[in-house]
Amino acid sequence: MKVTRRDLLVWSAGAAAGLLVTPVPWKVLDDVSIWSQNWPWIPQPARVPIEVKQSFCTLCPNGCGLRVRMAAGWPVGVAGVTMNPITRGALCPLAFGAHQLNWHPRRMRGVRYRGGISSWPEAHAALTKASEEGRTVVIDGYPGRAASSVLEQFALKRGGSYRVLFGAEARGLRPYETWSDVPASSLGYDLENAKTIVSFGAPLLDGWGVPGRFTRWWAERAAGAEDPQLRLIQIESSLSRTAARSWKWISIVEGSESTLAAGLARVLIEQKLVPARGPIPAVTVSDAAKRSGLTTDQIQELARTIAAERPALAISSDENPSIAALNIVLGSVGVSGGIVRRTKNDRYPVPAEARYPMSRKDGETWGTPTISGARAVVVDASVPWDFVPETDAEVFRFAAWDGGSSKADWLLPAPGFLEDLTDVPSPPSAAVESYAVAPALTKPTVDVRSAAQLLVSIDSSLTSIDNIIHGRCAEIFRQRAGTLYGREIAPVAQIASAEKLEEQLRNGAVWITESAKPAALRCELKEWPSLAVASQDPDWAAAWPVAMLPPLASKLYSESSLREAPARRNS
Amino acid sequence: MSARYGMVIDIDRCTGCGSCMVACAAENNVPTLPKATARTGLTPMLVRRVSNGREGNARRESFIPILCMHCEHDTPCVEVCPQQAVEVDKATGIVMQMPQRCLGCRYCMTACPYHARYFNWWDPAWPAGMEKSLNPGVSVRMRGVVEKCNLCHARLHAAKERAAAAGKKEIDPTDYVPACVEACPTGAIHFGNLADSNDPVWQEARSPHVFRLLARIGTEPKVYYKSKEPWVRALAESNTGNEAEAQHG
């Protein structure tokens with residue numbers, strides 16, 4: 001048979017058409033796609049066994065218990081510790097991505113001096129020289145740690161001063177310190193025993209205090225109930241996350257919180273809803289109504305609602321003496337379910353003075369410290385990046401992440417997440433004392449030193465962090481009080497030796513004092529305080545002390561619009 | 001006996017913190033780069049902010065976590081996939097997505113009534129060194145495939161391995177908990193076997209105020225929601241992508 005050109009063309013066309021109905025081209029296309037999608041440079045996780053360890057988050061002062069999954073010596077996942085009696089397994093959303101922070105593109109990777117590259121020996125020499133030439137001021141963000149003790153020792157030995165910047169929760173307790181002789185470091189909010197909580201803009205369900213503490217309690221006692229066991233009244237100008245989930249949301253004019261608190265106190269006293277305690281505020285109910293945007297009837301109704309279910313605890317978003325005074329009128333100071341004194345400090349390994357050093361020295365503790373006559377200022381990594389010391393002194397700024405422009409002369413890379421040993425004293429808002437040790441679970445990804453480590457290397461007479469922690473563990477054992485919550489729950493009195501107690505603490509256990517009757521706390525209010533306008537942060541994540549949000553958190557928040565974060569944190 | 005894993009999410013407990021989203025992404029090795037938008041991002045668990053549409057003091061808001069609903073009946077994504085890259089696991093009821101089979105046609109994304117599927121537009125990437133933080137139990141998915149919630153299937157595998165090592169045929173129910181459930185600080189997400197009448201989730205799925213999204217289309221989702229707010233329950237029958245009623249975030 002003769003094959004013509006036409007036959008050849010027909011056969012070719014038929015073969016081409018027939019091939020399309022076979023799997024061959026599609027398989028080839030699929031394989032090419034898969035091959036081109038799996039480039040060798042695409043990272044794949046290490047195939048290694050997972051080890052689970054326990055530690056504590058030290059990115060903010062609340063020290064939540066962490067269960068960390070480790071692979072090949074690196075953290076690969078974070079979850080809460082259900083045995084922790086304070087957090088009960090809950091964490092803030094940022095903690096779940098915190099293990100990636102150590103590789104954040106904005107991680108401080110080297111010593112920098114006025115924009116140029118420098119080195120640790122040069123920084124060491126510069127700080128040694130500066131501290132010998134004049135006063136050194138050391139600024140801390142999380143007081144009470146072993147590292148804080150080192151910072152304070154160094155400052156005082158060199159004739160300088162040690163200062164602390166407090167967070168909003170601690171500042172909210174300041175008025176009670178003024179009206180009593182009890183340092184605010186020994187005070188806390190007994191949220192668990194309150195029946196009504198009146199929040200003046202405090203983000204109670206959005207990261208306030210120890211993030212999991214109140215949210216867990218609220219979920220059990222209040223969520224979705226029409227007549228809840230715990231009544232959460234949110235007084236706030238906007239419908240925040242806490243307001244959205246509260247039992248009652250009272251929308252007021254922003255900045256009128258103090259006036260409304262005074263107006264509520266006046267109604268409570270005049271209508272004899274509570275026994276008379278303290279002075280009557282000068283603000284009338286109509287003044288409060290005019291200022292807050294509510295009606296007088298609404299304020300009276302609100303006062304009756306608050307008085308109906310007590311203990312009722314008023315909480316401010318920041319320092320606000322008028323709201324603190326409302327608690328005195330409500331009889332919610334020094335009682336269960338109110339503002340409580342945690343201990344008398346004779347059963348806590350960290351003295352109150354160490355946790356609260358500024359209040360005993362001068363009045364500059366609470367605001368931005370004014371620094372005059374200093375030769376050097378050392379800013380610890382625990383101080384929020386936004387803090388800029390007003391000084392002409394040489395500034396040594398420790399930080400794990402670079403938050404953007406800085407006025408510091410020296411930028412010094414500090415340990416990141418779980419990269420160094422530290423201890424965790426009681427959180428600022430806690431109702432009971434606690435103590436924990438956060439072991440370093442991973443090696444630093446860059447050459448880092450903490451402020452305390454550098455100061456110890458300058459002055460070898462300072463007690464090291466390790467020794468201070470050792471001493472504190474021994475003190476807990478010596479007192480034989482409280483309970484240790486680790487893999488098992490054990491009263492300290494049943495632990496055989498100080499070494500065993502320290503070993504458990506260094507492996508992620510937490511020590512808690514007995515939740516006994518609150519220690520005596522008497523506040524004397526001679527006149528109604530001035531009506532301050534408290535600052536209010538619109539978003540808790542924006543107020544996070546660490547300069548950077550975890551990359552996954554910032555990515556997901558921006559992709560979902562769930563939260564707005566400052567632009568500098570979105571990188 | 002085959003299981004039917006599912007969830008009951010108590011919307012009245014959800015504070016919209018986003019812990020579930022971050023924990024899910026960390027568990028499943030969602031890449032941090034590149035930055036995407038609400039349309040192009042990968043959010044297997046997405047918390048949406050919804051409101052009653054009113055303003056002022058009458059306004060009420062809630063948060064609804066949206067994930068793959070693991071539809072039991074006429075699963076839309078399974079029906080349309082030309083590659084058999086999606087299937088309902090008979091042993092668990094989990095709707096599985098197999099990226100190795102996926103052609104990237106995105107029919108499943110179009111078919112999904114819950115907008116719970118996401119396309120990988122880019123090669124997965126992390127900042128230098130961050131690949132050390134990846135979860136060893138979960139493979140990184142390649143560019144050009146669709147992905148979604150698989151109820152942390154790697155955790156189910158791990159639980160099975162532990163059970164086998166202990167000489168047991170069945171896993172301990174407390175040993176298999178998806179990352180979002182573990183992370184929720186208010187305990188709003190309850191997970192369990194909907195086929196087991198002794199499981200608390202089975203009971204809860206039959207309690208008052210429970211509803212499912214778009215129940216009228218008959219796909220029998222295994223993710224249930226719970227709310228005492230009538231306006232929240234009313235939203236369940238509307239289109240979840242309707243921006244007038246439900247905003248992102």
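**A walk from Ala399(A) to chain B**

Start by selecting Ala399(A): outside its neighbours within four places in sequence, this residue is in contact with Met108(A), Ala381(A), Trp385(A), Leu411(A), Ala414(A) and Ala547(A) (contact means C-beta atoms, placed from the backbone, within 7 Å). Before you go on, note that this is a predicted model, where local features need pLDDT of at least 70, side-chain atom pairs count only at pLDDT 80 or more, and totals for chains, interfaces and linings use all residues. Residues are numbered from 1 along each chain as its sequence is written, while chains are lettered from A and ligands numbered from 1 in the order in which they are written.

Next, colour the largest nonpolar core (buried Ala, Val, Leu, Ile, Met, Phe, Trp, Tyr and Cys joined through C-beta atoms within 7 Å). It has 225 residues, and Ala399(A) is among those touching the most other members, as are Cys20(B) and Cys180(B).

Now show strand 15 of chain A, residues 394–399 (strands are DSSP E runs of at least two residues, numbered from the N terminus). Six of its six residues are buried (20 or more other C-beta atoms within 10 Å of a residue's own, with C-beta atoms placed from the backbone). Glu394(A), Phe396(A) and Phe398(A) point one way, and Val395(A), Arg397(A) and Ala399(A) the other.

Stop at Phe396(A). Val378(A) stands opposite it, and its bridge partner in strand 16 is Trp410(A). Strand 15 pairs in the parallel sense with strand 14 over four bridges, and likewise with strand 16 over four bridges (pairing takes at least two DSSP bridges).

Finally, hop to chain B, where four strands form an open, mixed sheet in the order 8-1-10-9. Strands 8 and 9 are the edges. Zoom in on Val8(B), whose bridge partner in strand 8 is His190(B); strands 1 and 8 run antiparallel, joined by five bridges.

Note on methods: A residue is buried if 20 or more other C-beta atoms lie within 10 Å of its own, exposed if 12 or fewer, and partly exposed in between; C-beta atoms are placed from the backbone. Two residues are in contact if their C-beta atoms, placed from the backbone, lie within 7 Å.
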